[in-house]
Amino acid sequence: MCGGVEFQYQGRDQKVYFPYPDAKLPVRTRDGSIKLVGWGRRKEQPGQLPPSGWARLESVQAHKWDRWQPQPVKIIVDRFMEKDADRTSHWFDLRNGEFIQGLLATWNDERRLYVVTTEPPHELSGFKRWPRVMAA
């Protein structure tokens, strides 16, 4: 389910994992710059947005996220981490020009970023969910 990512921000290597309460992911803005945005909401955190860091593509397409005014965004990372059925971590590199699709949800003044997930590629069926990787 994309539990961690690696990326460069302001010239520094960053490694972020969802369980970190202050986890932020890099999003490309319309003007081409990169902005860090809070990654989801943990159950113990206050707020009205869903307590998760992920949004299933099927639920987005079924309009289950509509009440939170979802906006698609590009999450710009170098690699992401998934855990297999045995809970072993595996890192996967993104190719040049690829990004992870994100969903920016809003409720009043609260804004949070969710990683859009789908089924894993056939050759990686040992994983439950997979971030939606797209090409620019």
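These are legends for a set of close-up views of a predicted model.

**View 1. The hairpin made by E1 and E2.** Strand E1 covers residues 4-9 and strand E2 covers residues 12-17; the two run antiparallel and are held together by 6 bridges. If you want a place to start, take Gly-4, whose bridge partner in E2 is Tyr-17. At the other end of the pairing, 2 residues separate the strands in the hairpin. Gln-10 sits in that turn and has a positive phi of about 55 degrees.

**View 2. Glu-6 and Lys-15, a salt bridge.** Here Glu-6 meets Lys-15, with 3.1 Å between the closest N and O atoms. Are the two partners buried or exposed? Glu-6 counts as buried because its relative accessibility is 16%, and buried means under 20%. Lys-15, with a relative accessible area of 43%, is partly exposed.

**View 3. Arg-79 and Asp-93, a link between E7 and E8.** The side chains of Arg-79 and Asp-93 form a salt bridge at 3.3 Å, N to O. Arg-79 belongs to strand E7 and Asp-93 to strand E8 (residues 89-93), so this pair ties together parts that lie 14 residues apart in sequence. As for cover, Arg-79 is partly exposed at a relative accessible area of 24%, while Asp-93 is exposed at 58%.

**View 4. Arg-129 and Glu-119, a pair within one loop.** The closest N and O atoms of Arg-129 and Glu-119 are 2.9 Å apart in this salt bridge. Both residues lie in the loop between strand E10 (110-118) and strand E11 (130-131), so the contact ties together parts 10 residues apart in sequence. Arg-129 is buried, with just 5% relative accessible area. Its partner Glu-119 is partly exposed, at 49%. Then back to the residues of Views 2 and 3: Glu-6, Lys-15, Arg-79 and Asp-93 are joined into one network by salt bridges that share partners. How many salt bridges does a search of the whole structure find? The count is 7.

**View 5. A positive patch on the surface.** Which residues form this positive surface patch? They are Arg-56, Lys-83, Arg-87 and Lys-128. Take Lys-83 as a way in: this residue is found in strand E7, which spans residues 79-83. Lys-83 counts as partly exposed because its relative accessibility is 35%. Strand E7 has turned up before, as the home of Arg-79 from View 3.

**View 6. Pro-21 and Arg-42 across the chain.** Pro-21 is in the loop between E2 and strand E3 (24-28). With a relative accessible area of 54%, Pro-21 is exposed. Pro-21 and Arg-42 are 21 residues apart along the chain, and their C-alpha atoms are separated by 7.1 Å.

**View 7. Arg-41 and Thr-117.** Where is Arg-41 found? Look in the loop between strand E4 (34-38) and strand E5 (54-56). Arg-41 is buried, with a relative accessible area of 9%. For Arg-41 and Thr-117, the C-alpha atoms are separated by 16 Å, and the two residues are 76 apart along the chain.

Terms used
Residues numbered from 1 in each chain as written. Predicted model: local features only at pLDDT ≥ 70, side-chain atom pairs only at ≥ 80, totals over all residues. Heavy atoms only, no water. Patch = residues over 30% accessible without salt bridge, like charges linked within 9 Å, V, L, I, M, F, W, Y side chains within 5 Å. Areas by Shrake-Rupley, 256 points an atom, 1.4 Å probe, with all protein chains shown as cover. Salt bridge = Lys/Arg side-chain N within 4 Å of Asp/Glu carboxyl O. Lys, Arg positive; Asp, Glu negative; His and termini not counted. Charge placed at Lys NZ, Arg CZ, Asp CG, Glu CD. Helix = DSSP H or I, 4+ residues; strand = E, 2+ residues; numbered from the N terminus. Buried < 20%, exposed > 50% of the residue type's maximum accessible area, 1.4 Å probe, protein only. Pairing = 2+ DSSP bridges.
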